[in-house]
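User: Please take a close look at one helix of this model, its faces and the elements that it packs against.

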Amino acid sequence: MTTQPVSTRKYEYSHTVGIDDFSGRSFRYAVDLALGQGGVLYVLQRGVAMQRNLGVKICSVDEEYLGEFGVYGTGQGEWTWPAGIATDSQERVYVSDEWNQRISVFDSKGVFLKEWGEFGAGPGQMNRPSGLAFDPQGHVLIVDTLNHRIQRFTKDGEYIDGWGGYGEGPGRFNMPWGIAVSSDGEVFVSDWRNDRVQKFGSGGQFIGEWGHSGKGQGEFDRPVGIAVDQSGDVYVVDSHNHRIQIFDGDGGYLAQLTGDSTMSTWGEQLMAANPLMVEQRRVAKDLDREKGFWNPRGICVDDQGRIIVVDSGRGRLQVYRKLHDIETAKSGAKG
């Protein structure tokens with residue numbers, strides 16, 4: 001199925017990766033993902049409290065399962081409420097932990113390297129860190145959610161600068177969550193409780209904003225994950241509206257994706273091994289509802305223009321392709 005936007009862009013559903021299960025080759029309450037080299041994906045899974053099956057599942061866009069790592073706890077290299085994930089130029093994996101108030105760093109195989117962070121409101125301290133992104137200089141930007149600000153650190157955790165503060169005005173935040181950085185260093189933040197996206201220059205200077213609460217085009221109900229593609233289009237996970245909204249870099253509305261999922265290879269293999277599941281699906285009513293997103297959380301766009309969505313409520317990733325990229329009149333952001 002091809003989703004037809006109001007602009008000249010077009011997006012085509014490609015395939016689905018994953019199944020929803022409690023352990024092994026599956027996802028359970030996945031919240032974010034990061035890109036590795038050669039189509040590798042690092043999918044951050046928060047898990048469910050009773051099972052504590054949190055961790056990072058490593059797979060490829062082409063559905064190859066490569067492994068996992070992560071341990072529940074408060075000790076060195078352990079997580080309790082993992083929230084955001086990002087990779088640096090050397091494919092080291094950075095994970096934020098809301099409960100432990102820190103950033104943990106691993107190599108591409110999941111070997112623990114280091115961690116930093118402490119609770120507080122001062123420069124370099126954190127209160128529920130969530131989204132992570134790297135700027136063109138290789139510094140890591142961290143969404144410090146309950147301090148309502150963005151902070152910038154070196155890869156080794158040395159504080160550089162930050163901006164924001166609580167509020168509804170330009171450059172202020174109310175529980176921000178997601179963050180993305182364009183190739184030229186512009187910063188986009190999903191301002192969760194203010195139901196908007198804010199755009200900043202590379203140094204944190206306010207440029208513009210768009211969105212407000214609602215269900216219409218350009219409106220949001222708790223935006224979370226956010227990504228920018230190579231041409232500067234912005235993809236926003238509009239979580240409680242169960243959709244992805246796509247904008248140009250100035251906030252002009254382009255399109256939305258609502259989910260087109262088919263069964264993944266992992267799912268087909270599970271069905272083949274469990275004939276009873278096949279029969280249960282045969283008698284089930286209205287399987288079309290499975291196609292749509294349910295509480296999506298994270299998103300990224302790779303260098304091939306593949307849009308990968310963490311469809312959290314259904315324990316899977318949905319993959320789309322951007323077919324056309326033609327410049328259109330820009331409008332939308334308020335400066």
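Analyst: What follows is a description of helix α1 and its surroundings.

The model is predicted, so to speak of local features a pLDDT of at least 70 is needed, side-chain atom pairs count only at pLDDT 80 or more, and totals for chains, interfaces and linings use all residues. Residues are numbered from 1 along each chain as its sequence is written, and side-chain values use heavy atoms, with hydrogens and water left out.

Helix α1 spans residues 265-273 and has Trp266, Gly267 and Met271 buried (under 20% relative accessible area, with exposed meaning over 50% and partly exposed in between, for a 1.4 Å probe and protein chains only). These residues cover an arc of only 135° around the axis, which places them on the same side of α1, the arc being that of the directions from the helix axis to the C-beta atoms. The face turned away from this buried side carries the exposed residues Ala272 and Ala273.

The buried residues of α1 pack against the strands β2 (10-17), β5 (55-60) and β6 (65-69), and also against helix α2 (275-283), where contact means heavy atoms within 4.5 Å. Helices here are DSSP runs of H or I with at least four residues, and strands are runs of E with at least two, numbered from the N terminus.

The axes of α1 and α2 come within 5 Å and cross at roughly 110°, and the two helices are therefore roughly perpendicular to each other (65 to 115 degrees). In their contact, Leu270, Met271 and Ala273 of α1 meet Pro275, Met277, Val278 and Arg281 of α2.

Key
Axes fitted to C-alpha atoms, helices over the stretch in contact; angles between N-to-C directions. Parallel < 35°, antiparallel > 145°, perpendicular 65-115°, else oblique.
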